[in-house]
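Reader: I'm new to this one and would like a close look at a single part of it. Could you walk me through the salt bridges and then place them in the rest of the chain?

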Amino acid sequence: MSETPWLSIIGLGEDGLKGLSCASRSALEAAEIVMGPARHIGLLEGLACETLTWPVPFADGIAQLMGLRGRRVAVLVSGDPFWYGAGATLARHFAPGEWQSFPVPSTFARVANHLGWSLENTRCIGLHAAPLARLRPDLAPGVRVIVLLREGGGVRDLATYLDAQGYAETTLTIFEALGGPRQRITQTPAQELPDLDYQHPVCVACDIAGPGRAMSCARGQADDWFESDGQITKRPIRAMTLSALAPVPFEHLWDIGGGSGSIGIEWLLCHPSLRASTVEPRPERAARIAENAARLGVDHLRVVTGIAPDALAGLDRPDVVFIGGGLCDDLLHWIEENLASGTRLVANAVTLESEAVLSGAHGRLGGDLMRVAVSRSHPLGAARGWKASYPIVQWSVTL
């Protein structure tokens, strides 16, 4: 293999050649083929080499690019290739020695420098292919968010979404074709968005303001964030359960007996790298779990309608398992026999029968067994008294 990689990934801004470093220009000049979206190729004038337009969908271009091995190829991408860019996707398909990357300042960096916002205190989100509800956990007065949108029409959708969440007072700064000759910058409250035709590429900086409701940073969200038919792990027990599950980045949770999906959803809210699969036997509840997840900004929860353990067979193996419903000896034995050593297991029981199952499992495998009772104040005639909820028995163990 030659010392210089055959593939150059070149970040490009709306200012085209003017914004490129000497190293980027050298890679372009050495290229036999330049491949990229039509808009990117159009930003470069006077290319003497062959050009190829990257197809849509994006994945279709990977095989075409692989067929060019052995030739000098430059692939054009937006801004910093490895920040909501195509760089990570390309790097997965090629060995490290095959490619080199040349970034320019990302749109996030350009926007932050224009507004005087510190990037380390600003949430940066790419919503090219993600729903606007991804913003829901970040909505709170004083939060600053920079959002990349797929197309100009998304600006109106964003303003409408913020209004619906109670944040119509948010100041939006809309950047179209930032840094190039077509650049236009518009600043407005979301509730007063001008009726303009916003052009791609478009980015919006949001200085969040308004009386809307904010989600807690702690685990154990209020119960009314979740639509349910009453089958829900209540907030105090949910907070305790999330503590026992002890999520660590990049782990995968099985949430068996999903109910409203509150455990799986809050697990995913702990860190963006976490994954979860929820198994729920009732179709109406499974549909409600998916709706709750979408509304609360969790669009990567896998919901399976079925009965465990049969419904578990096709799932990616978990690092952690929670059993909130359907607890029985057969399910526990299946988990013991089929899951890897080191898998963490947490199970909650409320009936005498399910308590007996956990007691037997604790005697066999050890772990931590505890019983928790929660009481709330309740009117008692003209005074107040304590009204107890059903006690919960929780077992946690590492297999």
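Reader: Let me start with one side chain: is arginine 364 buried, partly exposed or exposed?

Author: Keep in mind that this is a predicted model. Arginine 364 is partly exposed, with a relative accessible area of 39%. The cut-offs help here: buried means under 20%, exposed means over 50%, and partly exposed is what lies in between. So 39% puts arginine 364 in that middle group.

Now for its partner. The side chain of arginine 364 meets that of glutamate 336 in a salt bridge, at 2.4 Å from N to O. Arginine 364 sits in helix α11 (residues 352–365) and glutamate 336 in helix α10 (residues 329–338), so the pair ties together parts that are 28 residues apart in sequence. Glutamate 336 is partly exposed as well, at 27% relative accessible area. As a rule, side chains of opposite charge can pair when their charged atoms come close.

That pair has company, as the count for the model comes to 19 salt bridges. Take arginine 182 and glutamate 14, whose side chains meet at 3.6 Å, N to O. Here arginine 182 is in the loop between β8 (171–176) and β9 (184–189), while glutamate 14 is in the loop between β1 (7–12) and α1 (22–30), so this bridge ties together parts 168 residues apart in sequence. The two ends are not covered alike: arginine 182 is partly exposed at 43% relative accessibility, whereas glutamate 14 is buried at 10%.

Then there's glutamate 251 with arginine 344, a salt bridge at 2.7 Å, N to O. Glutamate 251 belongs to the loop between α7 (235–245) and β11 (252–256), and arginine 344 to strand β15 (residues 344–349), so the parts being tied together are 93 residues apart in sequence. Glutamate 251 counts as buried, because its relative accessibility is 11%. Some salt bridges also share partners: Arg219, Asp223, Arg238 and Glu266 are joined that way into one network.

Let's step back to the whole chain. Its secondary structure comes to eleven helices and 19 strands, and its C-alpha atoms fill a box of roughly 80 × 55 × 35 Å along the principal axes. Of its 399 residues, 46% count as buried. The charged side chains number 34 positive and 42 negative, and the centres of the two sets lie 3 Å apart. Contacts across the sequence are part of the picture too: among those between residues at least 6 apart, 65% join residues at least 24 apart. The chain exposes about 19200 Å², with carbon and sulfur atoms supplying 52% of that.

For a spot that is well covered, try threonine 278 in strand β12 (residues 275–280). It counts as buried, because its relative accessibility is 0%. Leaving aside neighbours within four places in sequence, threonine 278 is in contact with several residues, among them Asp255, Gly258, Ile289, Leu301 and Val303.

One last stop is a hairpin. Strands β17 (residues 375–380) and β18 (residues 383–388) run antiparallel and are joined by six bridges. Proline 379 stands opposite arginine 384 in β18. Two residues lie between the strands of this hairpin, and glycine 381 takes a positive phi near 65° there.

Definitions and conventions: Residues numbered from 1 in each chain as written. Predicted model: local features only at pLDDT ≥ 70, side-chain atom pairs only at ≥ 80, totals over all residues. Heavy atoms only, no water. Helix = DSSP H or I, 4+ residues; strand = E, 2+ residues; numbered from the N terminus. Buried < 20%, exposed > 50% of the residue type's maximum accessible area, 1.4 Å probe, protein only. Contact = heavy atoms within 4.5 Å. Areas by Shrake-Rupley, 256 points an atom, 1.4 Å probe, with all protein chains shown as cover. Lys, Arg positive; Asp, Glu negative; His and termini not counted. Charge placed at Lys NZ, Arg CZ, Asp CG, Glu CD. Pairing = 2+ DSSP bridges. Salt bridge = Lys/Arg side-chain N within 4 Å of Asp/Glu carboxyl O.
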